[in-house]
Amino acid sequence: MLKIGLTGGIASGKSVVALRLKERGAVLVDADALAREVVEPGTEGLNRVVAEFGRDVLGADGRLDRPKLGALVFGDPARLSVLNRIVHPLVRSRAAAIAEAAAGDAVVVQDIPLLVETGQGTDFHLVLVVDAPDDVRLQRMLEHRGMTREDALSRMAAQATRDERLAAADVVLDNSGSVQHLLDQVDRLWDGRLVPFARNLAAGKRAPRNCGPVLEPYREEWAKEAARISARLKTAAPGLILAVDHIGSTSVPGLAAKDVIDLQVAVPGLAAADSAAPLLAAAGFPLVPGAGSDTPKPTAPDPGQWQKRFHANADPGRPVNIHVRVAGSPGWRYALMFRDWLMDNPSARTLYARHKADLAGRFAGSAGTRAYAEAKEPWFTDVAWPLMSAWAEETGWAPPSYAP
């Protein structure tokens, strides 16, 4: 199933998005509703809350008096942290049980107000953030919720900052305008990305890429996206992955590139790569058959040394290539050396940029990028290899060590 984490600051409009996704067919898991459920009378959660905060937090009917409890914890980070340590694990356990009961091709949306604060982003295929400027959210709380300015600011301060939420977002839904504008964004996301993603994930296949090579100016967002995806990969296959490195053109500041994130997953051996394959597929990166080796270079001509496993993203909204290589292997070393050579050497970047631009022009009418990639390959051996090898010797470059 496709697992979506939905979050947003107070008064951002997250509930509107959650309801729309449910209307479109998503299985909705509401963390706020579960947070109430796990502290109902007779539950372990309520017993622990009372033990920590006293019986004064109970109403006459024996239920939790949420306003009383809120008055105790909001504005007091230490007390709020204690409450979160009681409630959050119980909510996560209940949410996991609901998600596990969903169909294999379902889109499961978990509405989690404190997703960023609790570091749950890597648990999902995508994180959706409903965003509105702080002043807009404040005004909504004053006008529509009848809150005092002091109380509203206190609630906002108890959550992650807007910048922190945006940094965690794979998708940002702008709610600074009308409700209809927000709903239109949700519908486009559902039809154009979430439903195809869920189908690809269930089928274990990569998302189609049907356009030719289009080079785009370097974007700083590429590094941020690579970091989020890397964290997901590590979470997906714990104990099997030594490191994840951002490689390829999108990792080199200033270099134009296709809008495709390339990541290198370092593993201790190909057996680990094969063990990780189904885990990476479940995380949204299915194995691509027939792409299990790199082109040998002159100093290591044995093709057996250049084996790898190649995965690609099932998400049609973010093309990603995952190169799983054995740490210390020639292919692993080449990818890192090539990236660092380009980052360190302006003339190398210029040389490679010209080569790519020439080939992109030649293959602009292609239905895909395979011919473009194959045409680039001789350049990596005949031009880049001797230049970068000389650079590595001159600078004393060495690849990273992943030893504990």
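**A pocket, a helix pair and two open sheets**

In this predicted model, the second largest pocket is lined by 49 residues, and those lying nearest its centre are Asp262, Phe310, Asn321, His323 and Ala373. The volume of this second largest pocket comes to about 1600 Å³. When the residues of its lining are divided by character, 20 are nonpolar, 13 are polar and 16 are charged. Several elements take part in the lining, for strand 9 (320–326), helix 12, helix 13 (346–362) and helix 14 each supply at least two residues. Among the contributors to the lining of the second largest pocket, helix 14 gives the most, with seven residues.

Helix 14 (residues 370–395) also takes part in a helix pair, in which its axis and that of helix 12 (residues 330–344) come within 10 Å and cross at roughly 70°. Angles of 65 to 115 degrees count as roughly perpendicular, and helix 12 and helix 14 are therefore roughly perpendicular to each other. On the side of helix 12, the contact is made by Tyr334, Met337, Phe338, Asp340, Trp341 and Asp344, while helix 14 brings Trp379, Phe380, Ala384, Trp385, Leu387, Met388, Ser389, Trp391 and Ala392. The residues of this contact between helix 12 and helix 14 divide into twelve nonpolar, one polar and two charged.

Strand 9, named above in connection with the pocket, belongs to an open sheet that is formed by four strands in the order 6-7-9-8, with mixed pairing. The edges of this sheet are taken by strand 6 (243–247) and strand 8 (309–312), each of which has a single partner strand, so that one side of each is left without a neighbour in the sheet. On average, and with direction ignored, neighbouring strands of this sheet are turned by 25° against each other. Within the sheet, strand 6 and strand 7 (residues 261–267) run antiparallel and are joined by five bridges; His246 has Leu263, in strand 7, as its bridge partner.

Two helices are placed against this sheet. Helix 10 (residues 221–236) lies across strand 6, strand 7 and strand 9, and runs at about 35° to strand 7. Helix 11 (residues 270–282) packs on the sheet as well, where it touches strand 7, strand 8 and strand 9, and its direction makes about 15° with that of strand 8.

A further open sheet consists of five strands in the order 2-3-1-4-5, and its pairing is parallel. Strand 2 (27–30) and strand 5 (171–174) are the edge strands of this sheet, each pairing on one side only, and the twist from one strand to the next averages 25°. Strand 1 (residues 2–8) and strand 3 (residues 107–111), which run parallel, are joined by five bridges, and Gly5 stands opposite Gln110 in strand 3.

Key: Residues numbered from 1 in each chain as written. Predicted model: local features only at pLDDT ≥ 70, side-chain atom pairs only at ≥ 80, totals over all residues. Heavy atoms only, no water. Axes fitted to C-alpha atoms, helices over the stretch in contact; angles between N-to-C directions. Parallel < 35°, antiparallel > 145°, perpendicular 65-115°, else oblique. Contact = heavy atoms within 4.5 Å. Nonpolar A, V, L, I, M, F, W, Y, C, P; charged D, E, K, R; others polar. 1 Å grid on protein atoms, 1.4 Å probe; cavity = no way out; pocket = protein on both sides within 12 Å on 5 of 7 lines; lining within 4 Å. Points joined across faces, edges and corners; volume = space filled by probe spheres on them. Pairing = 2+ DSSP bridges.
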